[in-house]
Amino acid sequence: MRDKILAAAVLGLTAFALAVPTLAQEGDPEAGEKTFNKCKACHTIEAGEKHKIGPNLHGVIGRKAGTAEGFKYSKPMIESGITWDEAALAKYLTDPKGTVPGNKMAFPGIKKEDELANVIAYVKKESSE
Ligand code: HEC
């Protein structure tokens, strides 16, 4: 009996230790929706919505930078060679001008790590639904 309790405790602790770091790193799409308000001035994200000042972001994860149909990108964005995944988004959204010099997204960047993770989680979710 004692051994069983001990085993359960060890298992419980292991599960806890494994779960915590993942939670700390993964963004919360619901919280990210608020941050995405900053992007909405320039971007839509649902399928089939119009481009605004920036391109529609539907399907952006896994897409090559500068390839949304019908949007006039800057040359540096088209030639950046980026394929958008979470890491590429994190880099670009932290420092748009430094990551793709000369690109025309007039956005200073998100410095807070949790905001960044949340907005990326939101983009990931919304852009694929
Ligand atoms: C002031 C307008 C503006 C704001 C605010 C803005 N963007 Fe942009 N964004 C643009 C423009 C314009 C481009 C195209 C850049 C180019 O072609 O050089 C762009 C490009 C992008 C791209 C590359 C898309 C592609 O198809 O290659 C991503 C991803 C992106 N923005 C995400 C975001 C996110 C997420 C936010 C909010 C955190 C945001 N942007 C805020 C204007 C904006």
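How much of the protein chain, with its 129 residues, is made up of buried residues? Buried residues come to 22%, where "buried" means 20 or more other C-beta atoms within 10 Å of a residue's own, "exposed" means 12 or fewer, and "partly exposed" is in between, with C-beta atoms placed from the backbone.

**View 1. The whole chain is built from helices.** Keep in mind that this is a predicted model, where local features need pLDDT of at least 70, side-chain atom pairs count only at pLDDT 80 or more, and totals for chains, interfaces and linings use all residues. Residues are numbered from 1 along each chain as its sequence is written. The protein chain has 6 helices and 0 strands, so going from the N terminus you read α-α-α-α-α-α. Here helices (H or I, at least four residues) and strands (E, at least two) are DSSP runs, numbered from the N terminus. Among contacts with a separation of 6 or more, 49% join residues 24 or more positions apart; a contact means that two C-beta atoms, placed from the backbone, lie within 7 Å.

**View 2. Helix α2 has a buried side and an exposed side.** This helix covers residues 29–40, and its end C-alpha atoms are 15 Å apart, which agrees with the 16 Å that its 12 residues should span at 1.5 Å a residue. (The expected span is 1.5 Å times one less than the number of residues.) G32, T35 and C39 are buried in α2. They sit on the same side of α2 because they cover an arc of only 85° around the axis, taking the directions from the helix axis to the C-beta atoms. Over on the other side, E30, K34, N37 and K40 are exposed. And what do the buried residues of α2 pack against? They pack against α6.

**View 3. Helix α6 gives the most to the largest nonpolar core.** With 14 residues, α6 reaches 20 Å from its first C-alpha to its last, close to the 20 Å expected. Its buried residues are A117, N118, V119, I120, A121, Y122 and V123. The largest nonpolar core has 15 residues, and V60, V119, I120, A121, Y122 and V123 have the most contacts inside it. Such a core is a set of buried Ala, Val, Leu, Ile, Met, Phe, Trp, Tyr and Cys residues joined through C-beta atoms within 7 Å. α4 (86–94) and α6 each supply at least two residues of this core, with 6 coming from α6. Zoom in on A121: leaving aside neighbours within four places in sequence, A121 is in contact with E26, G27, D28, P29 and G32.

**View 4. A shell of 27 residues surrounds the ligand.** The closest are C39, C42, G54, S74 and N103; a residue belongs here if its C-beta atom, placed from the backbone, lies within 6 Å of the molecule. α2, α4 and α6 each supply at least two residues of the shell.

**View 5. H43 is buried, and K112 is exposed.** H43 has its place in the loop between α2 and α3 (75–78), and counts as buried because it has 21 C-beta neighbours inside 10 Å. Not counting residues up to four places away in sequence, H43 touches K52, G54 and L57. K112 is found in the loop between α5 (96–99) and α6 (113–126). K112 is exposed, since 11 other C-beta atoms lie within 10 Å.
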